[in-house]
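Reader: Hello! I have a structure open at the bench and would like a close look at one part of it. Could you walk me through that part and then connect it to its surroundings?

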Amino acid sequence: MNRSAYFDNAKAILIYLVVLGHLMSGYLLENQYIDTLYLVIYLFHMPAFILISGHFSRTIKSKQDLVKIGKTLLLPYIIFQLLYTLYYKNVFGDSVVFEIFEPRYALWFLLSMAIWKFLLWAFGSHKIMVLVSIALSLVVGYISEINEWLSLARTFFFFPFFLLGYYLNRENFVKLKNKWNIGIASIIGTGLVFFVNAYADVRWKEWFFGRIPYEDISYGIVEIGALSRLVVYVAMLVATYIFLSLVPQNQQWYTDIGAKTLAIYLLHLFVVRAFKATIFYDWIEETGNYIILFGLAFFVVYLLSRKWVWDITSPLITGNIINLPKKLKARDSV
């Protein structure tokens with residue numbers, strides 16, 4: 001199996017679903033099929049993304065590893081936290097303030113990723129720690145002080161997927177691609193979609209986000225908060241298995257996008273926010289032409305995966321901000 005193509009295919013599909021999910025978020029409770037697709041996407045797109053990230057992560061072993069975390073995760077987090085705040089407030093007049101300890105929008109992922117890498121010191125010694133991380137998450141849900149501050153609630157919620165990916169080896173992914181697994185995943189996936197459409201409620205979405213404690217979630221899945229989270233974990237694990245089994249393993253026309261997912265992830269909400277300020281956004285809701293969102297999501301992913309976008313923004317995304325003036329000057333001289 002061409003493993004690099006497999007993982008790039010997975011990341012390319014997942015980043016498309018991230019963009020599509022954010023575009024659809026404003027239309028929930030308006031259309032049953034949009035609600036169903038939204039819930040299905042959120043069952044696996046971040047768990048799968050995080051599992052793959054964990055698979056390629058290693059424990060911190062040197063000062064250079066710490067410097068790399070600061071440069072590639074924490075510095076971009078601070079930069080984009082400031083940029084998002086200025087953009088949303090000054091361009092659109094949103095009521096937001098710069099807050100370093102509460103990640104804005106998609107930026108929670110950078111902060112959580114940094115924390116997960118540090119947590120490997122304590123959880124990276126034995127596979128049994130995956131179960132420990134699940135138990136810890138179930139308990140954390142009862143602690144109201146653990147919420148969106150420092151993205152701690154999401155960090156604990158998604159950490160089991162990161163840790164699971166860390167312990168999986170390449171052979172585990174190879175086994176997913178046999179014809180029996182693909183067939184089983186296809187059947188279970190079809191059943192899952194029908195089940196979500198028939199029985200799920202889009203108000204369950206807060207359980208899929210994992211960003212606030214149980215007591216702040218007004219619409220429960222079952223009576224007990226920890227049991228609701230455990231049910232969600234099982235559903236997410238099944239959905240992630242389905243997705244990873246069905247991802248193409250060979251080179252595709254979109255494979256190269258998989259290497260540019262971080263840029264798309266950090267930049268797409270600038271485009272999404274601008275779109276939501278247009279009359280086109282309201283027109284889609286009024287006419288019910290939600291199918292347009294699929295094409296719009298593709299356009300955003302395509303645009304932000306272009307080389308010239310990376311050339312301009314890579315200093316911000318990679319933490320090499322000192323090189324930004326050189327990049328802009330080189331671009332102007334072309």
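Reader: Which residues in α14 are buried?

Author: Happy to help. Please keep in mind that this is a predicted model. In α14, the buried residues are Val309, Thr313, Ser314, Pro315, Leu316 and Ile317. Just after α14 comes Gly319, with a positive phi near 90°.

Now step back to the other side of the helix. Ser305 sits in the loop that links α13 (292–304) to α14 (307–318). With a relative accessible area of 1%, Ser305 is buried, because the cut-off for that class is under 20%. A polar atom of the Ser305 side chain lies 3.0 Å from the backbone oxygen of Val301. Leaving out residues up to four places away in sequence, Ser305 touches Ile257, Lys260 and Ile264.

From here we can turn to helix α11, which spans residues 261–276 and holds Phe275. Phe275 has a relative accessibility of 9% and counts as buried. Residues up to four places away in sequence aside, Phe275 touches Leu23, Tyr27, Phe280, Tyr281, Ile284, Leu293 and Leu296. For a sense of scale, the C-alpha atoms of Phe275 and Tyr77 are 23 Å apart, with their positions 198 residues apart in sequence.

Leu293, one of the residues that Phe275 touches, brings us to the core. The largest nonpolar core has 105 residues, and Leu293 is listed among those with the most contacts inside it, together with Ile50, Phe80, Trp116, Leu163 and Tyr265. Helix α2 (residues 32–55) gives this core its largest share, 14 residues.

Trp116 is a good place to look inside that core. Not counting residues up to four places away in sequence, Trp116 touches Ile50, Trp108, Phe109, Arg154, Thr155, Phe158, Phe159 and Phe162. Ile50 in that set is itself on the list of residues with the most core contacts.

Helix α2 also packs against another helix. Two packed helices are described by the angle between their axes and the distance between the axes. The axes of α2 and α10 (residues 225–246) come within 8 Å and cross at roughly 70°. The range for roughly perpendicular is 65 to 115 degrees, so α2 and α10 fall in that class. On the α2 side, the contact is made by Tyr42, Leu43, Phe44, Pro47, Ala48, Leu51 and Ile52, and on the α10 side by Ala235, Met236, Ala239, Thr240, Phe243 and Leu244. By class, 12 of the contact residues are nonpolar, 1 is polar and none is charged.

Helix α8 (residues 179–199) is the next stop, for it contains Asn181. At a relative accessible area of 16%, Asn181 is buried. Apart from residues up to four places away in sequence, Asn181 touches Lys175, Leu176, Tyr241 and Ser245.

Another buried residue is Val130 in helix α5 (residues 129–140), with a relative accessibility of 14%. Leaving aside its neighbours within four places in sequence, Val130 is in contact with Pro160, Leu163, Leu164 and Tyr167. Leu163 in that group is one of the residues with the most contacts in the largest nonpolar core.

The loop between α5 and α6 (152–167) holds Leu150, and Ser151 is placed in the loop between α5 and α6 as well. Leu150 has a positive phi of about 60° although it is not a glycine. Ser151, also a residue other than glycine, has a positive phi near 60°. Their exposure classes are worth a glance: Leu150 is partly exposed at 23% relative accessibility, whereas Ser151 is buried at 4%.

Finally, compare these with a tryptophan. Trp121 lies in helix α4 (residues 108–123) and counts as exposed, with a relative accessibility of 52%. The cut-off for exposed is over 50%, which is why Trp121 belongs to that class. Its neighbours within four places in sequence aside, Trp121 is in contact with Ile60 and Leu66. The Trp121 side chain reaches the backbone oxygen of Ile60 at 3.1 Å. Trp121 and Ile60 are 61 residues apart in sequence, while their C-alpha atoms are 7.3 Å apart in space.

Key. Residues are numbered from 1 along each chain as its sequence is written. This is a predicted model: local features need pLDDT of at least 70, side-chain atom pairs count only at pLDDT 80 or more; totals for chains, interfaces and linings use all residues. Side-chain values use heavy atoms; hydrogens and water are left out. A nonpolar core is a set of buried Ala, Val, Leu, Ile, Met, Phe, Trp, Tyr and Cys residues joined through side-chain atoms within 4.5 Å. Buried means under 20% relative accessible area, exposed over 50%, partly exposed in between (1.4 Å probe, protein chains only). Helices (H or I, at least four residues) and strands (E, at least two) are DSSP runs, numbered from the N terminus. Contact means heavy atoms within 4.5 Å. Axes are lines fitted to C-alpha atoms, for helices over the stretch in contact, and angles run from 0 to 180 degrees between N-to-C directions. Angles under 35 degrees count as roughly parallel, over 145 as roughly antiparallel, 65 to 115 as roughly perpendicular and the rest as oblique. Ala, Val, Leu, Ile, Met, Phe, Trp, Tyr, Cys and Pro count as nonpolar, Asp, Glu, Lys and Arg as charged, and the others, Gly among them, as polar. A polar contact is a pair of N or O atoms within 3.5 Å; within protein, one must be able to donate a hydrogen and the other to accept it, and residues adjacent in sequence count only if both atoms are side-chain atoms.
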